[in-house]
Amino acid sequence: MSHHAGVVTLPADFVGRPGNLPRHCSRHGLRAVRERDFVLQSKVKIEGNRFTQVGRRGVLGMAERLDQHGKKVRTTDVKGWPLCRKCVRTRALWLAAASALFFGGLAAFAGSLIVSAIADGMPWLAGVAVAGFVLMPLAAVPFVLGSLPRLTRAQTSPDGASVVIENPSPAFTAELPSTR
Ligand SMILES: [Zn+2]
């Protein structure tokens, strides 16, 4: 368990056992109101330039890259991660924004197609359909912002042996065994 320069590293088997993690959240340092189990992934850097590789080898190059990605991603099971009321509220807001964008976009897209099929003389409906179509993938942005890795500022180390937390709150760090 190391702890320097605002980065805390915890062994994967430590975070994988329930009851080991602090009772205060890593982000705000407030008392946890909820504990969550989830899976953290490691970040993967893929060799080679995306554009030249795709240009040169097309679909094959992309398939190779995906394969490389699958082999390099390491995951860690996290048991009972503390989330305070602020964490819970932030997550709920981002997820609500994501579903509003997605379902709003879907409704605008499908609705305008249905209306234009049964009614004439509304050329602007095509614009509504396009706007709806554009909104749907934008839902990915708030979805990522509300995701647990983003909220907890934690990720799996490249070798999969530990979980790395960036700038955890002092209350969180204080409850870890090595700093007690
Ligand atoms: Zn929090």
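In which strand is the place of Thr75? In this predicted model, Thr75 belongs to strand E4. Its relative accessible area is 47%, so Thr75 counts as partly exposed. Leaving out residues up to four places away in sequence, Thr75 touches Val39, Leu40, Gln41 and Thr156. Thr156 lies 81 residues from Thr75 along the chain, yet the C-alpha atoms of the two are separated by 6.3 Å.

**The zinc site**

Four residues coordinate the zinc ion, at 2.0 to 2.3 Å. The table lists each residue with its donor atom.

| Residue | Donor atom | Range for the site |
|---|---|---|
| Cys25 | SG | 2.0 to 2.3 Å |
| His28 | ND1 | 2.0 to 2.3 Å |
| Cys84 | SG | 2.0 to 2.3 Å |
| Cys87 | SG | 2.0 to 2.3 Å |

The angles among the 4 donor atoms are 102 to 115 degrees, and the site is tetrahedral. Along the sequence, the donor residues follow the spacing C-x2-H-x55-C-x2-C. Cys25 is located in the loop between helix H1 (12–15) and strand E3 (34–41), whereas Cys84 is located in the loop between strand E4 (75–83) and helix H3 (85–118); the pair therefore ties together parts that are 59 residues apart in sequence. Cys25 and Cys84 are both buried.

**The nonpolar core**

The largest nonpolar core contains 21 residues, and those touching the most other members are Leu10, Val15, Leu21, Val78, Trp81, Leu83 and Ile165. Two or more residues come from each of E2, H1, E3, E4, H3, helix H6 (148–152) and E6. The greatest contribution is that of E4, with 3 residues.

Leu83 also makes contact with the zinc donor Cys25. Beyond its neighbours within four places in sequence, the other contacts of Leu83 are Ala32, Val33, Arg34, Arg36, Val88, Leu148, Leu151 and Thr152.

**Strands E2 and E6**

Which side chains of strand E2 are buried, and which are not? Within residues 7–11, Val8 and Leu10 point to one face and are buried. Val7, Thr9 and Pro11 point to the other face and are not buried. In a regular strand, side chains alternate between the two faces of the sheet. Strand E2 runs antiparallel to strand E6 (residues 162–166), and 5 bridges join the two. Within this pairing, Thr9 stands opposite Val164 of E6. Leu10, on the buried face of E2, is also among the core residues that touch the most other members.

Definitions and conventions:
Residues are numbered from 1 along each chain as its sequence is written. This is a predicted model: local features need pLDDT of at least 70, side-chain atom pairs count only at pLDDT 80 or more; totals for chains, interfaces and linings use all residues. Side-chain values use heavy atoms; hydrogens and water are left out. Donors are N, O and S atoms within 2.8 Å of the metal (3.2 Å for Na, K and Ca); water is not among the atoms, so sites may look incomplete. Four donors count as tetrahedral if all angles lie between 85 and 135 degrees; four count as square planar and six as octahedral if opposite donors are over 155 degrees apart and all others between 65 and 115; anything else is irregular. Helices (H or I, at least four residues) and strands (E, at least two) are DSSP runs, numbered from the N terminus. Buried means under 20% relative accessible area, exposed over 50%, partly exposed in between (1.4 Å probe, protein chains only). Two strands pair if DSSP finds at least two bridges between them. Contact means heavy atoms within 4.5 Å. A nonpolar core is a set of buried Ala, Val, Leu, Ile, Met, Phe, Trp, Tyr and Cys residues joined through side-chain atoms within 4.5 Å.
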